[in-house]
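Visitor: I would like to learn how to read this model feature by feature. Where should we begin?

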Amino acid sequence: MASCCSTGPACDSGLPACDSGLKAAPIFALLVCVATVGCFRPAQLPVYGHVPDFHLTSQTGEAFDRKSLDGKIWIADFIFTHCTSSCPRMTSQMARVQPAIAEFPDVRLVSFSVDPQRDTPLVLAGYAQHYHAEPGRWFFLTGDQKTLDALDRRSFMLGNVDGSLEHSTRFVLVDRQGRIRGYYGAAQDDPTRALIIDVRRLEREPS
């Protein structure tokens, strides 16, 4: 289906407006007007849920909880460091987001491990360094598997952290109030552009 900004299908349908350039001109102007005030007017992002408080450990070995993200916009994903398929792609995509949000000091990146048994803070620190994670900006979190499972399955609604290492490849956008505002698939297309656009939209929302 064509978007509301496209005038192509109308001229393929044999409508009278396409028979004459003079007749088409006012309609074209109207479509441009509609596009300007409709298609390009940013709508508010939906709210899918709320991320509750949690207590985990970051790659620095320091305690990290949800309150550390209060008042921040953040992007979350679930990965593990020994993964050789989707995780390197996802982490590389997150790494591309990092410089694009440099102008926003209150935006954070948060990667949760689905393999807490092997992903110790020391292992996560090496992984973070490999991807040039900015300290204080991008956090890699590990901890109790039950806590991680509850976050992945019940809060983010992405699946289970049950030791099988199967996990979602979607990124999740969370606003300053801890509300989930968007999901972005990493399996098919590169979601980084949409993520950056929506981060900017949340930046413009009233606090």
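Guide: We begin with pairing: two strands pair if DSSP finds at least two bridges between them. The model is a predicted one. One case of residues facing each other is R170, which stands opposite G185 in β8.

Visitor: In what sense do β7 and β8 pair, and over how many bridges?

Guide: Strands of a sheet pair through backbone hydrogen bonds, either parallel or antiparallel. Here β7 and β8, the latter covering residues 179-185, are antiparallel and share five bridges. The two strands make a hairpin with four residues between them. Within that turn, G178 has a positive phi of about 80°.

Visitor: What does β7 pair with besides β8, and is β7 buried or exposed?

Guide: β7 also pairs with β4 (residues 73-79), in the antiparallel sense, over three bridges. One of the positions involved is W74, whose bridge partner in β7 is V174. As for cover, β7 spans residues 170-174, and four of its five residues are buried.

Visitor: In what order do the eight strands lie in the sheet?

Guide: The order is β1-β8-β7-β4-β5-β6-β2-β3, in an open sheet with mixed pairing. β1 (49-50) and β3 (63-65) are the edge strands; each has a single partner strand, so one side of each lacks a neighbour in the sheet.

Visitor: How does each edge strand join its partner?

Guide: β1 pairs with β8 in the antiparallel sense over two bridges. In that pair, G49 has I180 of β8 as its bridge partner. At the other edge, β2 and β3 run antiparallel and are joined by three bridges. L56 stands opposite F64 in β3. These two strands also form a hairpin, with four residues between them, in which G61 takes a positive phi near 90°. On to the next pair: β2 and β6 are antiparallel over two bridges, and S58 has L141 as its bridge partner in β6.

Visitor: Which residues have the most contacts inside the largest nonpolar core?

Guide: That core has 49 residues, and the ones with the most contacts inside it are F54, W74, I75, F112 and F156. The strand that gives the most to this core is β4, with six residues. To follow one member outward, take F54: leaving aside residues up to four places away in sequence, its contacts include F64, L69, W74, F112 and L151. F54 also touches D65 and R66. Over the protein as a whole, buried residues make up 42% of the 207 residues.

Visitor: How should I read the packing of two helices, and at what angle do α3 and α6 pack?

Guide: Look at the angle, the distance between axes, the handedness and the residues in contact. α3 (residues 86-100) and α6 (residues 192-204) pack at about 35°, with axes 10 Å apart. The crossing of α3 past α6 is right-handed. On the α3 side the contact is made by Q93, V97 and A100, and on the α6 side by T192, L195, I196 and R200.

Visitor: Which residues have a positive phi without being glycine?

Guide: Most residues other than glycine have a negative phi, and most peptide bonds are trans. H132 departs from that, with a positive phi of about 55°. H132 is found in the loop between α4 and β6, and it is exposed, at 65% relative accessible area. M157 is another case, with phi near 60°. The loop between α5 and β7 holds M157, which counts as partly exposed at 42% relative accessibility.

Visitor: How many helices and strands does the protein have, and what pattern do they follow?

Guide: There are six helices and eight strands. Along the sequence they follow the pattern α-α-β-β-β-β-α-β-α-β-α-β-β-α. Contacts can be read by separation too: among those between residues at least 6 apart in sequence, 70% join residues at least 24 apart.

Visitor: What is the mean pLDDT, and where is the pLDDT below 50?

Guide: The mean pLDDT is 80, and 74% of the residues reach 70 or more. Over residues 1-41 the pLDDT is below 50, and this stretch has 14 contacts in the model beyond near neighbours in sequence.

How values were computed. Residues numbered from 1 in each chain as written. Predicted model: local features only at pLDDT ≥ 70, side-chain atom pairs only at ≥ 80, totals over all residues. Heavy atoms only, no water. pLDDT = per-residue confidence, 0-100. Contact = heavy atoms within 4.5 Å. Buried < 20%, exposed > 50% of the residue type's maximum accessible area, 1.4 Å probe, protein only. Core = buried A, V, L, I, M, F, W, Y, C linked by side-chain atoms within 4.5 Å. Axes fitted to C-alpha atoms, helices over the stretch in contact; angles between N-to-C directions. Left-handed = near helix turned anticlockwise from the far one by under 90°.
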